[in-house]
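The following exercises concern strand pairing, helix packing and burial. Each task is followed by a solution in steps.

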2 protein chains.
Amino acid sequence: MVATVAAASCVIGVDLGGTKLLAGVADEHLAVHHRAYRQALGLETGDLLDACVAAVEEARAAAPADIQAVGFGIPCLMDQERGMAVMAVNLPLIDVPFRDIMTERLGLPVIVDNDANCAALCEARVGAGVGCSELVLLTIGTGIGGGIVARGHLQRGASGAAGEPGHMTIDADGPPCPGDCPGRGCLEAYVSGPALARVGGRDTATEVINAARSGDAAAVEAVAKMGEKLGAGIANLLNLLEPEVVVVGGGVAVHAGDLLLEHAEKTARARALEPAASNARIVVAELGIEAGMLGAAMLALDGGVV
Amino acid sequence: MVATVAAASCVIGVDLGGTKLLAGVADEHLAVHHRAYRQALGLETGDLLDACVAAVEEARAAAPADIQAVGFGIPCLMDQERGMAVMAVNLPLIDVPFRDIMTERLGLPVIVDNDANCAALCEARVGAGVGCSELVLLTIGTGIGGGIVARGHLQRGASGAAGEPGHMTIDADGPPCPGDCPGRGCLEAYVSGPALARVGGRDTATEVINAARSGDAAAVEAVAKMGEKLGAGIANLLNLLEPEVVVVGGGVAVHAGDLLLEHAEKTARARALEPAASNARIVVAELGIEAGMLGAAMLALDGGVV
């Protein structure tokens, strides 16, 4: 999105990924006026916080209007009440009072949330679920992220930890979850980039997907099998939450596209109860790599109450 | 609950079970002033609707004040927008415009909802989850019923069909679901009265539970195994919804009590992600057989907006 008129007031949305971070200046119409990027990969906690501050300050300096608030989407377990990054798999954030630190260093109101929650909110408002008040997002990458929107609001649970569809077991007696999770047979064990690479017998999920696109039978089969497991997980979500739309994002899903989604959708519709089995839409995320940043900006615009 | 003062206005809550129905007059403090029972087992659709009307009229005649509205809790798939009983396993209600029929025949405002939703609301407000805004209820009987309360409201999904934890798969390649469900390896296939009877090698779940209470090793083992499967399902709910409390009700769970719940709780806490694994309470339902009727009365008191 490109701004065409001067903005009266702006916010900054920050998507803090495991490899890089993106800070974007957005106005109240979500037009993006400036993007500031920083590396995140390999940084210690202090340097990572410095990089956040630097990216926000660069964005703030380039903004066409005063910045009202800053929203951060972080791939971590978040204690929503305390604004605390409790634990992150790919970033050095363990019991970091992220909101308080940023509020002090930036001198601005700061709202923090899980990055997948930010993406879910964004897809529900301006993406694949526009107009829907009931939405589930799954992002498939190294693991599975997720976010739930119910009655138009983020469903955060008791402390902000709700929305982990990747850690639904779909095989209670299955192998231990490969992530930092004590579960067994979690959806994430079968549906992820590393799982696809392993089942497809290649180094990366990208190679398996490319081979499947070229018609390699084993690769097509590996993607289809992952789609079926994903579909079983989506059926669970349909039966439990009856969303209007299930949005599947993340690098692996976006790259695989219909190769994956067709199987997931077919399986989900075959296994779920009516009326969700027929009525729910199951679609690829629309907003791509900027959904997290835009969702963080929405949180900032809304003052964190959404 | 017994009324001690005259009520200014009352509602009627009706719990429509597969074997009998209970209509109770409740005042705004949920004190119950009269209970009317009717048989439901074996009735055709028309006779069932007549029995509902007769029970409500009996209750209405005995009420200490004017009746403002009637709430019905029905064990069926409900189209919330149309007030339609779409499908029921144990009652002859298929595409019955229940709300419209009762509104016309009773001449009163009528609110309808799934019986487990009514029970969940009741447990959240005055039962095992009192003071909680995030609650999940599972009822274990012939099958599994369920209801979700989020932000203090019933979570109904797009059309009212949300809240079917019994149809989460916990074994994606497992046997077909025994219920009227196209899924495989659903929680209900492992956790129900019939499942316990089968695994315990007795005619009924009650016999297995009684044998377990008497120390029969095979029966103890059967209850424990069912508890572990239930725990795996509860872990899914903790990871997805992060409730403050998981309430387990229904005849089988209430009868088995800690024999079942201890295993379920241990498994759920071992498998779920923090902080829900430590923080969520996992408890037996408090309100017993009147939770559905009281929850239906709450819906009537609230005008169906909860």
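**Exercise 1.** In which sense do strand 8 and strand 11 of chain A pair, and over how many bridges?

*Solution.* The structure is a predicted model. Strand 8 (residues 135-140) of chain A is joined to strand 11 of chain A in the parallel sense, over 5 bridges. To fix the register, take Leu135(A), which stands opposite Val245(A) in strand 11 of chain A. Strand 11 of chain A also runs parallel to strand 12 (residues 281-284) of chain A, with 4 bridges between them. In this second pairing, Val248(A) has Val284(A) of strand 12 of chain A as its bridge partner.

**Exercise 2.** Determine how the residues of strand 11 of chain A are oriented, and whether they are buried or exposed.

*Solution.* Strand 11 of chain A spans residues 245-249, and 5 of its 5 residues are buried. Val245(A), Val247(A) and Gly249(A) point one way from the strand. Val246(A) and Val248(A) point the other way, and these residues are likewise buried.

**Exercise 3.** Establish the strand order of the open sheet in chain A and identify its edges.

*Solution.* The sheet contains 5 strands in the order 3-2-1-4-7, and the pairing is mixed. Its edge strands are strand 3 (32-39) and strand 7 (110-114) of chain A, each of which pairs on one side only. From one strand to the next, the twist averages 15°. One pairing in detail: strand 2 (residues 20-27) of chain A and strand 3 of chain A are antiparallel over 7 bridges. Within this pair, Gly24(A) stands opposite Arg35(A) of strand 3 of chain A.

Next, consider the helices that pack on the sheet. Helix 3 (residues 115-126) of chain A touches strand 1 (10-16), strand 4 (67-74) and strand 7 of chain A, and its direction makes about 95° with that of strand 7 of chain A. Helix 11 (residues 291-302) of chain A touches strand 1, strand 2, strand 3, strand 4 and strand 7 of chain A, and its direction makes about 135° with that of strand 1 of chain A.

**Exercise 4.** Classify the packing of helix 1 against helix 2 in chain A.

*Solution.* Helix 1 (residues 45-62) and helix 2 (residues 98-106) of chain A pack at an angle of about 45°, with their axes 11 Å apart. Helix 1 and helix 2 of chain A are therefore oblique to each other. The crossing of helix 1 of chain A past helix 2 of chain A is right-handed. Among the contact residues are Leu49(A), Val53(A) and Val56(A) of helix 1 of chain A, together with Phe98(A), Ile101(A) and Met102(A) of helix 2 of chain A.

**Exercise 5.** Decide whether Ser159(A) is buried or exposed, and list the residues that Ser159(A) touches beyond four places in sequence.

*Solution.* Ser159(A) is located in the loop between strand 10 (153-154) and helix 4 (187-190) of chain A. Its relative accessible area is 18%. Buried means under 20%, so Ser159(A) is buried. Not counting residues up to four places away in sequence, Ser159(A) touches Met78(A), Asp79(A), Gln80(A) and Glu81(A), as well as Glu242(B) and Pro275(B).

**Exercise 6.** Which residues have the most contacts inside the largest nonpolar core?

*Solution.* The largest nonpolar core has 88 residues, and those with the most contacts inside it are Ile234(A) and Ile234(B). For Ile234(B), the residues touched include Leu138(B), Val246(B), Val248(B) and Ile282(B).

Key
Residues are numbered from 1 along each chain as its sequence is written. Chains are lettered from A and ligands numbered from 1 in the order in which they are written. This is a predicted model: local features need pLDDT of at least 70, side-chain atom pairs count only at pLDDT 80 or more; totals for chains, interfaces and linings use all residues. Side-chain values use heavy atoms; hydrogens and water are left out. A nonpolar core is a set of buried Ala, Val, Leu, Ile, Met, Phe, Trp, Tyr and Cys residues joined through side-chain atoms within 4.5 Å. Buried means under 20% relative accessible area, exposed over 50%, partly exposed in between (1.4 Å probe, protein chains only). Contact means heavy atoms within 4.5 Å. Helices (H or I, at least four residues) and strands (E, at least two) are DSSP runs, numbered from the N terminus. Two strands pair if DSSP finds at least two bridges between them. Axes are lines fitted to C-alpha atoms, for helices over the stretch in contact, and angles run from 0 to 180 degrees between N-to-C directions. Angles under 35 degrees count as roughly parallel, over 145 as roughly antiparallel, 65 to 115 as roughly perpendicular and the rest as oblique. A crossing is left-handed if the near helix is turned anticlockwise from the far one by less than a right angle, and right-handed if clockwise.
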